[in-house]
Amino acid sequence: MATMEITTRIGCKNRCAYCPQNKLINAYNVKGSVFEMSLETFKKCIDKLPKSVDIEFSGFSEPWLNKECTQMALYAHARGHRLRVYTTLVGMTIDHWQQLKDIPFESFWIHLPTGDGSDSISVDDQYLELLKEVSVFFDDHQGSIDVSYHVRGKTTHSEVKQVLGDRIENRGIGARSGNVEDGVKNTIKRRKGKIGCKRNLRQNILLPNGDVVLCCMDYGLKHSLGNLLTDSYQSLFESDEFKRVNRGLSDGSMDILCRYCDMLAYDANLMTKIINKVRNLF
């Protein structure tokens, strides 16, 4: 299933300790000065996508830090796309939620603040009121939407825990194919042999200036496939860079992010599985 993840802006004030925002900003600075996606740019890009492509509001930063994100979601839904959301709720308001709640989201995942100060998510009255309203709504619609409340760390903010109780999942911290530094260890050594991608290289990231990069691991913007303001959707997968990445799945000598991916890459045959399993024991 093809998906386009939307990065509505470059730069996230949540400042999660395990998110390589500095690497992203430094790489994006080379590309220009459009740091926030306009609704007009979003529409032009989305209009080029087949209806079969899902839209996911997540990307490289909190999507609702862009004040037009709600209008983007409503537009994508009206065009007939399936929608997914991954959000901290930062920037979203009760009014936004009232406009959004009738969309039949495929999934709505909420990344919660920890209790150890590893993020800057502000837990104030407005945040708690929104969290309560969203959680009550999803409680009343259990089973129809894939809902997740989770933290990336060992603890949850105490006031958030009072709202959600035992519904909170504790998820680990990934190394984003080696892009996360600052003490986060990449659990996967460089993969050898023939590998594959669980998403078939079709979960791509749209940036505010229209550029599309390979996937959510690519904070250094290493694999740029094209620009939807000037190119067609199909041309992204006919680009030299996409073809290079695709070749790199079979050619272990090529420098592609997939070789370090601990989330979506997999060993494509038995010999590769044996080789990489042995290597990761040491």
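Contact here means that heavy atoms lie within 4.5 Å of each other. With that in hand, welcome to this structure, which is a predicted model.

**Starting at T70**

A good place to begin is T70, a residue of helix α3. Leaving aside residues up to four places away in sequence, T70 touches W64, H96, Q99 and L100. Is T70 buried or exposed? Its relative accessibility is 1%, so T70 counts as buried, since buried means under 20% relative accessible area.

T70 has company in this respect. Helix α3 runs over residues 69–78, and C69, T70, M72, A73 and A76 are buried there. Looking down the axis of α3, you would find these buried residues within an arc of 160°, so they line one face of the helix. What do the buried residues of α3 pack against? Their partners are two helices, α2 (39–46) and α4 (94–100), together with two strands, β2 (54–57) and β3 (83–87). After the helix comes G80, and its phi is positive, near 100°.

**The nonpolar core and its rings**

Next, let us turn to the core. The largest nonpolar core has 79 residues. Which residues have the most contacts inside it? They are M4, F57, F108 and L112. Helix α5 (residues 125–140) supplies the largest share of this core, with 7 residues.

F108 deserves a second look. With a relative accessibility of 0%, F108 counts as buried. Residues up to four places away in sequence are again not counted, and F108 touches V85, T87, L89, M92, W97, F138, I145, D146, V147 and S148.

F108 also takes part in ring pairing. A pair of aromatic rings is described by the distance of the centres and the angle of the planes. The structure holds 13 aromatic pairs. In one of them, the ring centres of F105 and F108 are 5.3 Å apart and the planes stand at 75°, so this pair is edge-to-face. The cut-off behind that step is an angle over 60 degrees. F105 is buried as well, with a relative accessible area of 2%. Ring pairs carry on from here, linking W97, F105, F108, F137 and F138 into a cluster.

**Charges over rings**

Rings can also have a charged partner. The charged end of R167 sits over the ring of Y149, at 5.8 Å from the ring centre. Likewise, the ring of F237 has the charged end of R202 over it, 4.0 Å from its centre.

**Salt bridges**

How many salt bridges does the structure hold? There are 10 salt bridges. Among them are these three:

| Salt bridge | Closest N and O atoms |
|---|---|
| R84 with D54 | 2.3 Å apart |
| R167 with D139 | 2.7 Å apart |
| R244 with E241 | 3.0 Å apart |

Let us take them one by one. R84 forms its salt bridge with D54. This pair links distant parts of the chain, as R84 lies in strand β3 and D54 in strand β2, 30 residues apart. Both R84 and D54 are buried.

R167, already met above the ring of Y149, also forms a salt bridge with D139. Here too the pair joins distant parts of the chain: R167 belongs to the loop between α6 (158–164) and β6 (168–171), while D139 is in helix α5, and the two are 28 residues apart. R167 is partly exposed, at a relative accessible area of 28%. D139, at 32% relative accessibility, counts as partly exposed.

The salt bridge of R244 is with E241. Both residues lie in helix α8 (residues 240–248), 3 residues apart, which is about one turn of the helix. R244 counts as partly exposed at 23% relative accessibility, whereas E241 is buried, with a relative accessible area of 17%. Elsewhere, salt bridges that share partners join D54, R82 and R84 into one network.

**A last stop at M271**

Our tour ends at M271, in helix α9 (residues 270–279). Is M271 buried or exposed? Its relative accessible area is 55%, so M271 is exposed. From M271 to Q234 the separation is 37 residues in sequence, and 33 Å in space, C-alpha to C-alpha.

Technical notes: Residues numbered from 1 in each chain as written. Predicted model: local features only at pLDDT ≥ 70, side-chain atom pairs only at ≥ 80, totals over all residues. Heavy atoms only, no water. Buried < 20%, exposed > 50% of the residue type's maximum accessible area, 1.4 Å probe, protein only. Helix = DSSP H or I, 4+ residues; strand = E, 2+ residues; numbered from the N terminus. Arc of directions from axis to C-beta. Core = buried A, V, L, I, M, F, W, Y, C linked by side-chain atoms within 4.5 Å. Phe/Tyr/Trp six-rings, centres within 6.5 Å; stacked < 30°, edge-to-face > 60°. Lys NZ or Arg CZ within 6 Å of the ring centre and 35° of its normal. Salt bridge = Lys/Arg side-chain N within 4 Å of Asp/Glu carboxyl O.
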